[in-house]
Structures are given as C-alpha cells and as structure tokens.
Amino acid sequence: MGRRGVQLRGLLGTARAGHAPARALAIADSRVLVRSLFLASAIRTGLLDALADGATCAEIAAQIGCTRPERLRAWLEVGTELGEIARRSGRYRLRGIRARAIAGGDTMLNAHYRSMLDYQAGCYADLAGLLVSAPSGGRADLDDYADDIAQVSLAATPFIETYLTSLVTQTRPARVLDVGCGTGVYARIVASLSPQVLVDGIDLAPAVIDAARAHVRAAGLDGRIRLQAGDVRTWTPEAGVAYDVILLLNNIYYFPRGERVALYRRLGGLLTRPGHLIVTTLAAPGSVAAAHLNFMLACQAGAAALPRDGELEADLVEAGFADIHAQPIVPTEPFLAVRAVLR
C-alpha cells in the first residue's frame, strides 16, 4: 500500500475510533504549548541572545558552556519546526515574530513566557495538593515572581495610559499617589502629562522599587517622582501632604475582599476634597484571561481574588465614596477602570 493509502486508512481509523474533532484540537493545543515551553526555556537559558547574530550548534554550545550538544541540537530542531528558528548552511538564527520581539527587548513578552514554566503553570501542576491544603496554605508566587508579574501586567498599559491622560486633563492634579506602583510606568506617565504634578509611589517589593527608580532616573523625572518600598495600609505620608488623585492600578485583587473597604477608607483619608480614587482591574468572570488570573490568585497563600460583578462599586460606597463610574477599557476583556470621588 502506498503512502497516500496508508495515510487515508489511518485517518479513517482515527475517525472510527471516535472523538476525531477533539483529537484534532488536542494536536493544535499541544503545538501552542510546545511553542510556549520553547520560548520560556530560550529566555531562561540565554539561548535567545546566543541566536541573535546567528551561530552553529558548536558555537552556541561553547558560548553557553553546554556539555551535551546532542540535547542542544534536539532543542534547536524544536525551534526550527516551530518556525521560531531558521537553519541555513549549518547556522541557526532567530526567525519567529515572538522570538525576535523578545530578543529585541520586549520586557512584557519576556516576562510572559518566562513565567510560563513556574507562575502560570505551577497552580495547575500542584492542583491536587492545593485542593486539600490548610486554610493558610498556598503558593508564594506573588513574592517569588514579583518582577515577572509586574512586567506581564504592562499588557494593559496603552489602555490605562489613554484613560489616565483623560483623567489628568480633567482633574489637573497637583499631587498623585500611585499605590502598588510596580515598575513605575504609570507614575512616569502621569508625571509626563503635566510639568507641575508631583507623584509618590509605594510598592511592597523592594527589588521592584529599585528597578522602578532606575527607570525614573533614566526618564529624568526623579525630581518629581518619589518611590519607596512599604505597605500603604501602615504607611503615612509627610505631614501636611494630601493627594488629589490616588491610583490603585492592577492590584486591588491582592487585597482580601474583607480588607478592601478599610483600604478605601484609609486611602480616602489621604485625599484632598474633592479627591479622586482610580481603580483598574480585571473582573471575574468574563474571559479566559480573567478566569486564569483569578484561579492563580486563589491558589496563593492568603485570600487574593479578582473582584466580582458589582463588588467594587458596593465597597467604594460603603467606604464613603460617591460619583462612582465604572467603564470597560480593554476590548473583549472584563477590564474595568473605576473612578470614585470623595467630597
């Protein structure tokens, strides 16, 4: 029987076995998974850098100190089949859109794929144990991968920047507090929108703050942006300092639901009158991305969770805020920007 005959009979046999559409989808899913695993491993090992200018397998092995070239060659073949790597005359170079973007310095993509092997996959791999853990048990991803998490959250930056531009134009704040400032990207955006505004930023992770300060200095904004490590629930600004706008961007879900009203009240005590509190967040349910993030949050030690429909508004009202307006700002996602005023 010829090749075509064997292939045809094989396809017919697969169809008769049942669930042919599901099996076809499973094959497609596995290819997506392999690509993600390949890119994650390329970032972790530094192999993307080794491939940037093109090199032979032997040259790459020497550059990274590889003692098992047969494994490196097998890994390179995976990348070639995926289209992320091209091979010509024995030399390998980057080819895929994703690989070239990461090598070109896209920090958000870098963190996204780097987190695949640990933060994003870990909760699913450990599910059996997580389902029977003690009430205080859970993973420590929020501490272990704080930098990756901060970088991945930048996917929403273009939408939040548009929203903040409109907000600053309307409110013309003199002083802004960025709670959970992360990389400092939003503090820099606000400071760049008005030459008069002063921005304070606070974040729990000292390493993240150190990196954010470097970005602020590089932007020439260290005279108007002050960043510090600390917990806003216990932190007190300088005497006499109050804020026209407080930002709580992409982080309200790290605070347990039972503590959010108290948090809003505390932040209200730091506002001028009238003062504006801005909260941006994914809400659950509503999309695969939202459900995935909410699941990862639920698997952490503590009580992190995405807000549910109506929770933000109800909590803000209980905390004494008024004129609450929520609007989706990211297409196809339940990603909300909520503005609340304290008078």
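Here is a chat about a predicted model, covering its sheet, two buried residues and some aromatic pairs.

Q: Let's start with the sheet. How many strands form it, and in what order?
A: Seven strands form an open sheet, and the order is β6-β5-β4-β7-β8-β10-β9. The pairing is mixed.

Q: Which ones are the edge strands?
A: β6, residues 225-229, and β9, residues 322-328. Each of those pairs on one side only.

Q: And by how much are neighbouring strands turned against each other?
A: By 15° on average, with direction ignored.

Q: OK, take β7. Is it mostly covered or mostly open?
A: β7 is mostly covered, with six of its seven residues buried.

Q: How does β4 join to β7, parallel or antiparallel?
A: Parallel, through four bridges; β4 spans residues 175-179. To find one of the partners, look at Asp 178, which is matched with Leu 247 in β7.

Q: What about β7 and β8?
A: Those two pair in the parallel sense as well, over six bridges. Val 245 has His 276 in β8 as its bridge partner.

Q: Which helix goes with β7 and β8 in a β-α-β unit?
A: Helix α15, residues 257-268. With β7 and β8 it makes a unit that is right-handed.

Q: Moving along, how do β8 and β10 run?
A: Antiparallel, with eight bridges joining β8 (residues 271-282) to β10 (residues 335-342). Leu 282 is bridged to Phe 335 of β10.

Q: Which strands does helix α12 lie across?
A: β7, β8, β9 and β10. The helix covers residues 157-171 and runs at about 20° to β10.

Q: New topic: Asn 294. Where is it?
A: In helix α16, which takes in residues 288-298.

Q: Why does Asn 294 count as buried?
A: Because its relative accessibility is 13%, and buried means under 20%.

Q: What does its side chain reach?
A: The side chain of Asn 294 gets to the backbone nitrogen of Leu 306, at 2.8 Å. Leaving out residues up to four places away in sequence, Asn 294 touches Ala 284, Ala 305, Leu 306 and Arg 308.

Q: And Leu 39, buried or exposed?
A: Buried, as its relative accessibility is 0%. Leu 39 is part of helix α2, residues 20-45.

Q: Which residues does Leu 39 touch, not counting those up to four places away in sequence?
A: Glu 84, Arg 98, Ala 99 and Tyr 113. As for Leu 109, 70 residues apart from Leu 39 along the chain, the two C-alpha atoms are separated by 9.9 Å.

Q: Last thing, aromatics. How many pairs are there?
A: A search of the whole structure finds four aromatic pairs. One of them is Tyr 119 with Tyr 145: the ring centres are 6.5 Å apart and the planes are at 35°, so this pair is tilted.

Q: What does that pair tie together?
A: Tyr 119 is in helix α8 (residues 119-125), while Tyr 145 is in the loop between α10 (141-144) and α11 (146-152), so the pair ties together parts 26 residues apart in sequence. Tyr 119 counts as buried at 7% relative accessibility, whereas Tyr 145 counts as partly exposed at 21%.

Q: How are Tyr 253 and Tyr 254 arranged?
A: They form an edge-to-face pair, 4.8 Å centre to centre with 75° between the planes. Tyr 253 is buried, with a relative accessible area of 7%, and Tyr 254 is partly exposed, with 30%.

Definitions and conventions: Residues numbered from 1 in each chain as written. Predicted model: local features only at pLDDT ≥ 70, side-chain atom pairs only at ≥ 80, totals over all residues. Heavy atoms only, no water. Pairing = 2+ DSSP bridges. Axes fitted to C-alpha atoms, helices over the stretch in contact; angles between N-to-C directions. Contact = heavy atoms within 4.5 Å. Buried < 20%, exposed > 50% of the residue type's maximum accessible area, 1.4 Å probe, protein only. Polar contact = N/O pair within 3.5 Å; in protein donor to acceptor, adjacent residues only side chain to side chain. Right-handed = clockwise from strand over helix to strand, strands pointing away. Phe/Tyr/Trp six-rings, centres within 6.5 Å; stacked < 30°, edge-to-face > 60°.
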